[in-house]
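Reader: I'd like to go through the empty space in this one. Can you put it up first?
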Amino acid sequence: MVGKPFLNEMNISLVPRSDMQQRLRLRRFFMASATYLVTALLFVAAAVQGLISVGAVCIMVGAIILVNLFFYGVIRSGFNLRFRDPSLTMPQIAAANLLLILMVYYAGEARGIFLLLYITSFVFGVFRLQTRHFLALSIFSLTSYALVVLLLAYRQPEVVDLSLEFMRWIALVAALTWFSFLGGYISRLRHRLKTSNKKLQEAMATIADMAVRDELTGLFNRRYLMNAIKHEKDRADRFGKPFSVAVLDIDWFKQINDRFGHLAGDKVLRRFAQVAESHLRAVDVFGRYGGEEFMVIMPGTTLEQARVCAERIRHAVEQEDYAAVLGDLSLTVSVGLAEYRLSEDIAPLLERADSALYRAKHSGRNRVECFAAA
């Protein structure tokens with residue numbers, strides 16, 4: 001109970017608290033450490049059976065502890081991030097194989113048992129390694145095993161049966177070669193699955209964006225606007241905060257299409273959307289209501305505050321230079337405003353905004369009209 005608070009005060013933890021990738025790498029490392037523990041217990045069991053000396057067990061346990069502390073320190077410190085593979089997959093498997101070779105050297109007649117552990121170390125490579133990496137590790141393991149057997153044959157010829165060891169080596173060749181191709185195949189499948197998932201996520205994001213965005217202007221579409229109004233209505237009814245709605249209609253837009261063509265009309269719509277959006281707050285919801293009509297939903301905004309915002313947009317649109325598209329023809333916009341009344345339906349709110357827009361159109365256009373609350 002005392003140790004954990006002390007570590008917290010010292011800002012020390014076994015795994016990083018913020019870097020999720022490093023946390024994942026350390027979790028894999030701890031899985032490998034558990035495998036080392038099982039291997040050490042197997043070595044101890046062999047010693048209990050009298051197959052291995054106690055001194056050999058001490059050497060192996062010490063080597064295992066040192067290797068694990070080294071890799072933990074490298075990953076926990078972040079030094080591993082300097083390498084192309086921050087997981088250090090190949091170095092960790094190579095280190096495990098060196099430990100296995102050390103076990104084989106000290107295991108005596110029991111060394112055939114520990115050959116099975118080669119596959120265990122290779123399993124961790126399916127997270128990162130390709131077939132060529134597995135083959136390189138296989139050559140390293142097979143070569144080191146052959147050298148150990150030759151060393152034992154030279155120093156302790158009475159404990160080595162070269163014919164038997166040769167058959168073990170051939171079996172190890174077959175097992176590691178088979179796993180190299182299988183592991184590489186699994187790794188490729190994981191990579192393809194990861195790529196497919198990424199593409200699927202991108203496609204889903206595109207579809208989701210298309211579902212709420214107007215293709216021409218990139219603004220929110222009518223469906224999204226209706227949902228946003230419902231959301232603001234619920235919030236206003238719950239907290240009593242005001243919000244206002246503005247309906248904007250580009251003046252004489254039909255004449256623009258007739259005179260300059262629909263492509264020019266599309267350019268005007270896009271440019272108008274950019275100009276208007278640049279004069280809105282981040283919390284405002286701006287979208288294309290239909291045709292040349294647009295809508296702005298202004299949370300926490302009274303009718304008078306909305307008028308100030310609408311006038312700012314109207315003035316900006318009027319002052320914008322459209323000469324590249326419209327020649328000497330200017331562009332203006334009419335705006336109708338309405339403020340939400342608590343507990344009312346959405347339809348009356350939109351009807352008031354439309355009525356205000358109608359009044360602006362029939363009062364000379366290029367103006368802002370409000371439908372005052374009762």
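**Pockets and cavities**

Author: This is a predicted model. The lining of its largest pocket divides into three nonpolar, six polar and six charged residues.

Reader: What volume does the largest pocket have?

Author: The largest pocket has a volume of about 470 Å³. It is lined by 15 residues, and the closest to its centre are Phe-127, Arg-128, Arg-190, His-191 and Lys-194.

Reader: Which elements give two or more residues to that lining?

Author: Those are α2 and α8 (162-212). The most comes from α8, with six residues.

Reader: And the second largest pocket, what is its volume?

Author: About 270 Å³. Its lining includes Arg-84, Asp-85, Thr-89, Met-90 and Pro-91, and also Arg-128, Arg-132 and His-133. Arg-128 was also named for the largest pocket, among the residues closest to its centre.

Reader: Which elements supply two or more residues there?

Author: For the second largest pocket, they are α4 and α7 (131-155). With three residues, α4 gives the most. By class, the lining has four nonpolar, three polar and four charged residues.

Reader: Switching to closed space. How many cavities of 30 Å³ or more are there?

Author: A search of the whole structure turns up two. The largest has a volume of about 390 Å³. Of the 25 residues in its lining, Ala-32, Tyr-36, Gln-92, Ser-121 and Phe-124 are the closest to the centre.

Reader: Which helices supply at least two residues each to that lining?

Author: α2 (20-48), α3 (54-77), α4 (89-107) and α6 (117-123). So α2 and α4 turn up again here, after α2 in the largest pocket and α4 in the second largest pocket.

Reader: How does the lining of the largest cavity split by class?

Author: There are 14 nonpolar, eight polar and three charged residues.

Reader: What about the second largest cavity, which residues line it?

Author: Ala-246, Leu-248, Val-296, Met-298, Cys-309, Ala-310, Ile-313 and Val-335. By class, that lining has eight nonpolar, no polar and no charged residues. About 30 Å³ of space lies inside.

Reader: Which elements give two or more of those residues?

Author: Two strands and a helix: β1 (243-250), β3 (293-299) and α12 (303-319). The most comes from α12, with three residues.

How values were computed. Residues numbered from 1 in each chain as written. Predicted model: local features only at pLDDT ≥ 70, side-chain atom pairs only at ≥ 80, totals over all residues. Heavy atoms only, no water. 1 Å grid on protein atoms, 1.4 Å probe; cavity = no way out; pocket = protein on both sides within 12 Å on 5 of 7 lines; lining within 4 Å. Points joined across faces, edges and corners; volume = space filled by probe spheres on them. Helix = DSSP H or I, 4+ residues; strand = E, 2+ residues; numbered from the N terminus. Nonpolar A, V, L, I, M, F, W, Y, C, P; charged D, E, K, R; others polar.
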